[in-house]
Structure formats: structure tokens, C-alpha cells
Amino acid sequence: MPERMKKFSRVVYWCVLLGILVPRDLLSAETTQPHVLLLSIDGLRPDYYLHPDTYHLKIPHLRALMQHGSYAQRMLGVYPTLTYPSHTTIVTGVRPARHGIVSNFILAPTQGLLNWYLKSTDIQAKTLWQAARDKGLKTAIVTWPVSYDAPVDYLIPENLAATSDIADLIRQGSTAGLFEDLAKHFGPIKLLPFSDPKACLPLDSMTTNFAAEIVRRYQPHLLLVHLLDLDHEQHSTGIDTPQVLASFERIDGLIGKLSDAVRQAGLLADTTFVIVGDHGFLPVHAALDFNALLLEKGLLSIDETGKIKDWSAFVQGNGGAAAVYVKDSNDAALRAQVEKLLRDEIAARYEGIVRIVEREQLDQLEAFPGALLALEATDGYYFSLSNPKRQILNPSDPFKGMHGYLPLRITRQNSDRTEHISWSDKHLQNSSRGFVSKSLIHRWRLVSSLVAEAFARE
Ligand SMILES: [Zn+2]
């Protein structure tokens with residue numbers, strides 16, 4: 001384990017979830033400058049690399065990394081266990097309430113519900129790329145969450161819009177001329193709206209090709225890369241489906257492409273690979289929308305197309321979790337009214353399906369600042385994020401897998417399925433110092449100290 005590593009050789013391959021540590025005497029080449037490639041496999045579940053034979057997985061590149069390296073059994077995420085809050089914790093080392101990316105989506109109910117956090121200026125804590133840049137190191141990002149306007153040398157930002165002009169949106173946010181230049185090399189880039197179940201095939205392919213070419217051409221010291229297909233497949237097909245397993249094998253091939261590029265750039269001996277995941281998954285069969293209740297009580301209004309026209313209270317679905325907001329947080333009567341409404345409804349009809357996560361618990365988890373409280377769905381359920389429904393309970397279509405749940409639940413469920421998930425407050429309170437060997441915060445410390453150590457050897 002990384003904690004037991006006394007001394008890093010000049011050349012280190014190391015991963016947090018998956019990894020490889022190559023002692024210096026195994027390497028022939030002397031090194032000059034250290035490089036770090038931080039690769040995130042979205043929705044990576046430990047089972048797939050801890051027990052690949054159980055799933056008959058053909059993952060030669062990851063197996064090789066594990067054979068020579070270091071890896072974690074599991075890790076504890078942040079709340080909500082969503083992609084953008086989690087990735088921002090990976091690069092800042094603090095939980096969502098501190099780094100400011102508290103959901104995938106900006107809370108602005110009347111301006112649409114799927115406004116992804118895009119701008120790196122929304123991040124309220126120092127990032128790894130800023131720290132590297134401060135040291136004068138060459139930095140690059142290829143489709144990493146919340147990276148528009150990130151101060152790096154080579155930027156291809158992430159954009160998961162459900163529109164057909166997604167490639168153009170990414171091009172517009174890229175370092176001047178870089179997207180066009182890389183696209184010329186690989187032929188026309190055609191991406192699908194992110195809502196398309198197959199959107200991540202061309203997206204991951206573009207990401208890998210661009211990242212590989214950036215390595216070959218520019219040799220950045222720090223490169224951040226995000227692959228999304230494993231997450232997409234788990235959302236649309238469920239857990240452990242043939243499509244999910246095929247996706248993981250495809251991603252292994254992309255990792256092979258990236259390590260080939262590092263080799264071609266002559267940097268294999270100088271590069272530390274850090275491969276991380278952000279959250280696990282639970283299967284779902286039903287979706288909940290408590291905005292239906294707010295609609296019925298006149299606390300929310302919609303126009304003829306179903307879009308939110310005005311609101312005094314709103315439930316923001318975040319997958320397995322939901323955050324409850326009132327527009328005027330100083331309105332004590334309104335807060336009390338909304339709270340009673342939800343508590344009564346849950347007690348009457350959703351006992352055992354939904355539990356309330358109190359504000360004090362959210363403070364401990366450093367989650368959903370400003371929210372009145374949060375709701376947590378039990379296994380099989382999640383909270384919708386679309387135009388308010390007319391009824392609370394709805395079919396889960398189009399999703400078969402979901403995340404966003406309390407970190408301890410999703411961690412335990414995804415590392416040992418036979419274990420019972422406790423809903424007790426005791427477990428919730430203990431989640432930050434629980435039984436797991438790694439947390440996203442812990443991971444950041446390891447990643448950042450490794451990056452610091454790698455660069456200190458320069
Ligand atoms: Zn994710």
C-alpha cells in the first residue's frame with residue numbers, strides 16, 4: 001500500500017484505485033523530468049479490477065498495472081456521490097461545500113434543470129492544475145469536469161450538453177486552435193448529444209486520441225483525462241450487464257493507447273499513472289419526484305411546456321439523493337411549511353423508501369450548503385431531475401443504474417454486495433472515519449503528495 005512505501009524510485013507508476021510501482025532497478029533508462037497522468041474512469045467499481053476473472057474480463061493493461069503496482073480495495077466518496085462534486089474533490093482535496101461544486105448542476109430552476117457546472121472559476125478551492133502551474137510546470141486537461149477557462153497550457157474542456165453541437169461547444173472552450181489542430185489529425189470529430197445512450201463511444205475515443213496526441217506533441221507534466229462510457233452504460237443498462245463489461249474492456253484498450261503514446265513520447269520511464277474512479281452504482285427501478293407535491297401545494301409553478309416558471313421551494317434531484325431548497329432562506333414560516341409537508345408525506349406514504357438527511361448531518365458531510373435538508377432514496381429508487389412530474393412515484397425509465405447516494409452505502413454495496421446497508425444515523429455519522437481504507441479526500445492527499453514528490457525530484 002502507498003502508506004508503506006518508504007522510498008519512491010525516480011520512476012514511479014502509481015495509482016490510487018489501480019496502480020503500479022516500478023522500482024528503479026527494474027528500469028534501464030535514467031530519467032530527466034517527472035510527469036503525471038491522472039486518468040478517471042467514471043463509475044469505476046472495484047469489483048472489476050479486484051476480481052476480473054469473475055467477470056471474464058479481458059483487461060491486459062489494467063492487469064499489468066495491478067501486477068506491478070499498488071491499488072486500493074475500495075474508497076469512500078463524497079456526498080452526493082455524483083461525477084462533478086467527486087471529480088472536484090479529487091483535484092482539490094476538500095468536500096463539496098468547500099470547493100463549491102455541490103451537484104452536477106447549478107441550482108437555477110427557472111433556467112433549466114440540466115445546467116452543468118462548467119467554469120473552473122466556480123471552484124472555490126485550489127486545484128492540482130493551479131498548484132502545478134504555480135510551479136511553472138506544463139499542464140493539460142482533456143475533458144475533465146468543470147474545466148472551462150482552467151489556467152492550463154493545453155485545454156480541451158468537458159461539456160456534456162444534451163445538444164447536437166457538443167463538439168463545437170468543446171472547441172469553443174479549448175485553447176485557441178488546439179481542437180482544430182487535433183481534429184485535423186484525427187479526421188472530423190462527430191459527437192452525439194450526451195443524452196444519447198451511445199454518446200460516450202465517440203466522446204471517449206476523441207478524448208483518448210486528443211490526450212495521446214497532446215502527450216506526443218507537448219509532453220505536459222500534469223495531464224488530466226476523464227473517460228465516461230462505463231458510467232453511461234451502467235446508467236442505461238444496469239449493473240454487470242454485458243454492455244458494461246464490454247465498456248470496461250474498451251476502456252482498458254484506451255488505457256493501452258495512452259500508455260503507447262507515453263512510450264512514443266519517450267516518457268514511459270518518467271511518468272506516474274494515477275487511475276481513479278469517482279463513485280459506484282446501484283440498480284434502480286423507480287424514480288421519485290417530490291416537486292409533484294410542491295406543485296400541488298402551489299410552492300412551484302410550471303408553464304404549458306412543463307418548465308418551471310416560478311418557485312418558492314424546489315427539490316433538486318441528484319440521483320440517489322435530493323436537496324430541498326427554499327428560495328427565501330430567511331422565510332422561517334416557509335421553511336417550516338416545506339419541511340412539515342415533506343416529513344408528513346414521507347411518513348404517510350414513503351416510509352422505508354425515503355429517509356430525511358438532516359441539516360446537521362449535511363454539515364458533517366459538507367454537502368448541499370444552503371439546502372433545508374436532503375432526501376435519500378432506498379435501494380431501487382432515485383430522484384428525477386426533469387420537468388416536475390404530476391405524481392411523486394414514477395417508472396425509472398430511462399435509467400437502470402444510479403449513484404448519488406450516501407458515500408458509505410454506495411461504497412459498501414459496490415465492494416461487498418452481501419453486506420447489509422445500514423440506514424442508522426450512527427453509520428451516517430461515522431461515514432467520514434469508517435471502515436474503508438481510502439476516501440476521496442485521502443486519495444487527494446496521496447495524489448497531491450505524489451505529484452509534489454514527483455515534481456520535487458526534478
Ligand atoms: Zn461519475
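Is V146 buried or exposed? To answer this, select V146 in the viewer, bearing in mind that the model is predicted. V146 has 27 other C-beta atoms within 10 Å, and because 20 or more count as buried, V146 is buried. The residue belongs to the loop between strand 2 (139-142) and strand 3 (154-156). Its backbone also deserves inspection: phi of V146 is near 55°, a positive value in a residue other than glycine. As background, most residues other than glycine have a negative phi.

**The whole chain**

Next, display the entire protein as a cartoon. There are 16 helices and 15 strands in the protein. Of its 458 residues, 50% are buried. If contacts are restricted to residues at least 6 apart in sequence, 71% of them join residues at least 24 apart.

**The nonpolar core**

Select I141, F290, V324 and A374. These are the residues with the most contacts inside the largest nonpolar core, which has 121 residues. Where does this core lie in relation to domain 1 and domain 2? Colour domain 1 (3-281 + 416-456) and domain 2 (283-402) separately; both give residues to the core, so it lies between them. In general, nonpolar side chains in soluble globular proteins tend to be buried together.

Keep V324 selected and show its surroundings. Neighbours within four places in sequence left aside, V324 is in contact with V315, V338 and L342, and also with A371, L372, L373, A374 and L375.

**Helix 9 and helix 10**

Move to residues 229-237, which form helix 9, and residues 242-264, which form helix 10. The two helices pack at an angle of about 175°, and their axes are 9 Å apart. Helix 9 and helix 10 are therefore roughly antiparallel to each other. On the side of helix 9, the contact is made by D229, L230, E233, Q234 and T237. On the side of helix 10, Q243, V244, S247, F248, R250 and I251 take part. By class, this contact of helix 9 with helix 10 comprises four nonpolar, four polar and three charged residues.

**The loop between these helices**

Select G238 and D240. G238 is in the loop between helix 9 and helix 10, and D240 is in the loop between helix 9 and helix 10 as well. G238 has 19 other C-beta atoms within 10 Å and is partly exposed. D240 is also partly exposed, with 17 other C-beta atoms within 10 Å. Although D240 is not a glycine, its phi is positive, at about 60°.

Which residues does G238 contact, leaving aside its neighbours within four places in sequence? They are P283, K400 and G401. A distance can also be drawn from G238 to L282: the two are 44 residues apart along the chain, and their C-alpha atoms are separated by 8.1 Å.

**Along helix 10**

Now select A246, a residue of helix 10. A246 counts as partly exposed, with 14 C-beta neighbours inside 10 Å. Draw a line from A246 to K58: these residues are 188 apart in sequence, yet 9.0 Å apart in space, C-alpha to C-alpha.

Then add residues 60-68, which form helix 2. Helix 2 and helix 10 pack at an angle of about 70°, with their axes 7 Å apart. The two helices are therefore roughly perpendicular to each other. Here P60, H61 and L62 of helix 2 meet D252, I255, G256 and S259 of helix 10. The residues of this contact of helix 2 with helix 10 comprise three nonpolar, three polar and one charged.

**From helix 2 to helix 3**

Continue to P80, in the loop between helix 2 and helix 3. The peptide bond from Y79 to P80 is cis, with omega near -5°. As a general point, most peptide bonds are trans.

Select residues 83-92, helix 3. How many of its residues are buried? The count is 10 of 10; among them are Y84, H87, I90 and V91. Helix 3 is followed by G93, whose phi is positive, near 80°.

**A final stop**

Finish at P398, in the loop between strand 14 (393-395) and strand 15 (401-402). A cis peptide bond joins D397 and P398, with omega of about 5°.

Technical notes: Residues numbered from 1 in each chain as written. Core = buried A, V, L, I, M, F, W, Y, C linked by C-beta atoms within 7 Å. Buried ≥ 20, exposed ≤ 12 C-beta atoms within 10 Å, placed from the backbone. Domains from an automatic or database assignment. Contact = placed C-beta atoms within 7 Å. Axes fitted to C-alpha atoms, helices over the stretch in contact; angles between N-to-C directions. Helix = DSSP H or I, 4+ residues; strand = E, 2+ residues; numbered from the N terminus. Parallel < 35°, antiparallel > 145°, perpendicular 65-115°, else oblique. Nonpolar A, V, L, I, M, F, W, Y, C, P; charged D, E, K, R; others polar.
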